Amino acid sequence: MADDKLTPQSENFSEWYNQLVLKSELADYAPVRGCMVVRPYGWTLWENMQAGLDRRFKETGHVNAAFPTLIPMSFFEKEKDHVEGFSPELAVVTHGGGNELEEKLAFRPTSETIIGYMYSKWIQSWRDLPVLINQWGSVLRWELRTRLFLRTAEFYWQEGHTAHATSDEAMEETYKMLDVYADFAINDCAIPVIKGRKSETERFAGAQMTTGIEAMMGDTKALQSGTSHYFGQNFAKAFDIDFLNKENELEHCYTTSWGLSTRMIGALIMVHGDDQGLIIPPKIAPFQVVIVPIFRKDEEREKVMPIVDKVFAELKEAGIRVKVDDRDQVSPGFKFNDWEMRGVPLRMDIGPKDVEKGSVALARRDLPGRDGKSFVSQDGLPAVVTEMLETIQASLLEKATAFRDANIHEPKDYDELKEVVKKGWALSWWCESAECEAKVKEDTKATTRVIPLDQPEDEGKCIVCGEKAEKKVYFAKAY
RNA sequence: CGGGGCGUAGCGCAGUUCGGUCAGCGCACCGCGUUUGGGACGCGGGGGUCGGCGGUUCAAAUCCGCCCGCCCCGACCA
């Protein structure tokens, strides 16, 4: 419950974030280091995100399944890069039923290996392809430094794993799912993201190509909030995922994987939140509208509550996620602050004056103070509210996009780049060498985030070394 | 894993320097009453092995040792 004010963003952005996650009851610290408990308000938000993604997965031909959380340790030795990438962060089960296990079992840090193993059993012929499976679940990585939602040891996500007959088709799948993520982020979460390819050093362990959507947080740091990988035949070779083609020749499949996690909640908080608290876009908000009834005496209550009930029923009937805050023990003023902190996009106050005038008071979360307030008739509320929710959704995206664009710079030279990444992103020509990338990181702490898919026609000179560069890349400090 | 900070009621803290009414405060919680259009108030209550274990002492939240946990800052990462 809200009792006092949040640390302002400008004072300490990290502190603001931590306090807000706890106070808004999205999540709490678990008794195990690095683990979180996602509380009902946070989980409802996640469910709404899941719904938006799952619908898109189904529309693009995918089906859901569930694979086990425990994976034989030997599986991690089959793909060299994958081992190197994940070994350090594995949690390993050594005992079961009171006895030491003959083969140790890893809690999945991601499921490429076990799914690859299963695919090798299921796939025989080109007729079996493509395999387009997604699973919703959690994974565990022994992270050194954790933060609620942004990096926890265990986190919830979905991981899609697909197998294809051709490289082109697998590549197409990789980009298709990147598009799905971008569409979801932009249209459902109102988070403007940039689609792009990751550099070699930022690539997923075992992937031939990693793509991601990158978003700018309120402190201008970057956050990768969804990622899609093309594996080529790496995992197919390691796990014998083979098929007979139409010419009766044995071939390795081409595989992909793609994932989006509860980290997206962290992104949502840091993109839209302000000093009052969360601001949740209507499309995924657990509550889109909260009605605060206002009355002093029982006689006023008796006049107000029937209207509240009527409006509630109408909005609910119209498919709007609405809640009546009927808590008796706290004042309306407290409720206003409380729901603002929790990020409910639209508040509706109904009091004696409204009953008299046949009106309700609306307050938009995205426009503080007087600017966001309006008084509208009780007639035709569902339509008015629906439209206002759409307006809020659009204006959140607009605001976030404007903020991002205002903090993306195109430095003229390396000195300017070093300045610019202190408080924003730099979009610069880059020769794609690991040396130049490392130098930037060494000098500024900023890393390459993505090589955007949208590229200029021409060529340029690498901002670091001055050599020929074919691609522009975003440099930024990242979470 | 290095550096820093912290652990006393559900939350936030004081008390620890210098052992002895130090088991306390604010918020939250429970009861009653008055309140309610931007974080209400009065009165009355309940609640704590002082992170754990061991040691010193007549006496330990306080001193000593070991351990555990969490947060922050760095190196690595969805």
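The following questions and answers concern a predicted model of a protein with RNA strand B.

Biologist: Which element gives the largest share of the surface near RNA strand B?

Modeller: In this model, 42 residues surround RNA strand B, with R33, R145, R151, S331 and D354 the closest. A polar backbone atom of G333 is 3.5 Å from a sugar or linking oxygen of the strand. Elements giving two or more residues to this surface are α1, α9, β17 and α10. The largest share, seven residues, comes from α9.

Biologist: How many charged residues does the surface near RNA strand B have?

Modeller: Polar residues number 10 on this surface and nonpolar ones 13. The charged class has K373 as an example by residue type, and an N or O atom in the side chain of K373 is 2.8 Å from a base nitrogen of RNA strand B. The count of charged residues is 19.

Biologist: Is W258 buried or exposed?

Modeller: W258 in strand β14 pairs with F57 in helix α2, 201 residues apart in the chain. Their rings are 5.1 Å centre to centre, with 55° between the planes. Buried means under 20% relative accessible area. W258 has 1%, so the residue is buried.

Biologist: What kind of aromatic pair do F75 and F239 form?

Modeller: F75 lies in the loop between β4 and α3, while F239 belongs to helix α6. Both residues are buried. Planes over 60 degrees apart count as edge-to-face. The planes here are at 70°, with ring centres 5.8 Å apart, so the pair is edge-to-face.

Biologist: Over which ring does the charged end of R347 sit?

Modeller: The charged end of R347 is 3.8 Å from the centre of the ring in question. That ring belongs to F336.

Note on methods: Residues numbered from 1 in each chain as written. Chains lettered and ligands numbered in written order. Predicted model: local features only at pLDDT ≥ 70, side-chain atom pairs only at ≥ 80, totals over all residues. Heavy atoms only, no water. Near = heavy atom within 4 Å. Polar contact = N/O pair within 3.5 Å; in protein donor to acceptor, adjacent residues only side chain to side chain. Helix = DSSP H or I, 4+ residues; strand = E, 2+ residues; numbered from the N terminus. Phe/Tyr/Trp six-rings, centres within 6.5 Å; stacked < 30°, edge-to-face > 60°. Buried < 20%, exposed > 50% of the residue type's maximum accessible area, 1.4 Å probe, protein only. Lys NZ or Arg CZ within 6 Å of the ring centre and 35° of its normal.
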